[in-house]
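Colleague: I am new to this structure and would be grateful for a close look at a single helix and its setting. Please take me through it in a connected way.

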Amino acid sequence: MFRITYQVRTYCEMQQMGWQEWQQAMQKALPIVKKYRQMLTEAKQLSDETARKKAKKAADAVKRTLPGACFQASDFALSTGDDPKKKYNYGKTGRWRDMRYAYLSGLVVIDVDHCGNPRELFVRLKQEHDFEQMGIVLIYVSASEDGMKIVFKADLEYPHNLICQQWQMAERLGILQCVDDACRDSTRLSFLTTPDDVLYCDAKTLFGVDVKQRKC
């Protein structure tokens with residue numbers, strides 16, 4: 001079982017994510033994802049570029065209210081905020097989401113972006129690869145529906161080299177051209193989506209519970 005940091009209302013409210021928290025987070029995400037996708041669809045239909053950008057910005061603001069999980073960090077050591085631009089924690093002591101104080105979870109995330117239809121891509125990947133043998137524990141469709149998150153177990157020989165592990169796994173899967181390397185940061189937050197967006201979940205390995213593997 002892996003320990004994953006998790007936030008519900010703000011980036012600063014962390015708790016250890018278990019099976020129940022995972023289920024609650026996806027239920028909380030359900031109406032937000034629905035609203036975000038509708039706003040995104042409406043924004044794309046606008047012919048005026050200025051209006052389209054404004055609508056996209058409004059949709060992104062809704063997206064940022066989604067619950068998120070920091071799969072690559074299990075916790076953060078106590079630290080004092082030292083960035084004056086971050087007014088919420090400047091000069092305050094807490095378990096801030098700061099890479100300098102992160103404890104790695106043993107998981108790695110690939111952010112697959114602009115891959116066309118992620119559900120069709122998943123079907124192809126499932127036909128071509130043995131997810132369990134590769135150490136993949138979770139695959140789910142991203143909030144925008146034009147990508148997916150792939151979570152897998154880190155190679156214990158190189159646990160700190162997250163970006164190289166992402167590229168190596170992506171190369172094995174044949175999706176290297178779709179990788180967003182922003183997830184190289186161990187503190188990167190992955191927005192959660194809905195139960196229907198979960199395409200593959202090894203819940204026993206990820207959360208220590210025995211449930212049907214295909215869906216969470």
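Modeller: The account below begins with one helix and then turns to the surroundings.

The model is predicted, and the part chosen is helix H5, which covers residues 162-173. H5 has 12 residues, and from its first C-alpha to its last it reaches 17 Å, close to the 16 Å expected at 1.5 Å a residue.

Which residues of H5 are buried? They are Leu162, Ile163, Gln165, Gln166, Met169, Ala170 and Leu173. Seen down the axis of H5, these buried residues fall within an arc of 160°, so they line one face of the helix. A general point of geometry helps here: an α-helix has 3.6 residues a turn, so residues three or four places apart point the same way.

Cys164 also belongs to H5. With a relative accessibility of 31%, Cys164 counts as partly exposed, because that value lies between the limits of 20% for buried and 50% for exposed. The backbone nitrogen of Cys164 takes part in a contact at the start of H5, where a side-chain oxygen of Asn161 reaches to within 3.4 Å of it. Cys164 can also be placed relative to Arg184: the two are 20 residues apart in sequence, and their C-alpha atoms are 8.6 Å apart in space. At the other end, just after H5, Gly174 takes a positive phi of about 80°.

Positive phi values also occur in residues other than glycine. One of them is His114, with phi near 50°, in the loop between S8 and helix H3 (118-128). His114 counts as exposed because its relative accessibility is 59%. Another is Glu145, with phi near 70°, in the loop between strand S9 (136-141) and strand S10 (148-153). Glu145, at 38% relative accessibility, counts as partly exposed.

A second helix may be set beside H5. H2 has 15 residues and reaches 21 Å from first C-alpha to last, close to the 21 Å expected at 1.5 Å a residue. The N-terminal end of H2 is capped by Asp48, which has a side-chain oxygen 3.3 Å from the backbone nitrogen of Thr50.

H2 leads on to the largest pocket, since helix H2 (49-63) is among the elements that give two or more residues to its lining. The others are helix H1 (19-44), strand S8 (107-112) and strand S12 (190-191), and H1 gives the most, with three residues. The largest pocket has a volume of about 450 Å³ and is lined by 21 residues, with Lys63, Asp111, Lys149, Arg188 and Phe191 nearest its centre. The lining residues divide into seven nonpolar, four polar and 10 charged.

Terms used. Residues numbered from 1 in each chain as written. Heavy atoms only, no water. Helix = DSSP H or I, 4+ residues; strand = E, 2+ residues; numbered from the N terminus. Expected span 1.5 Å × (residues − 1). Buried < 20%, exposed > 50% of the residue type's maximum accessible area, 1.4 Å probe, protein only. Arc of directions from axis to C-beta. Polar contact = N/O pair within 3.5 Å; in protein donor to acceptor, adjacent residues only side chain to side chain. 1 Å grid on protein atoms, 1.4 Å probe; cavity = no way out; pocket = protein on both sides within 12 Å on 5 of 7 lines; lining within 4 Å. Points joined across faces, edges and corners; volume = space filled by probe spheres on them. Nonpolar A, V, L, I, M, F, W, Y, C, P; charged D, E, K, R; others polar.
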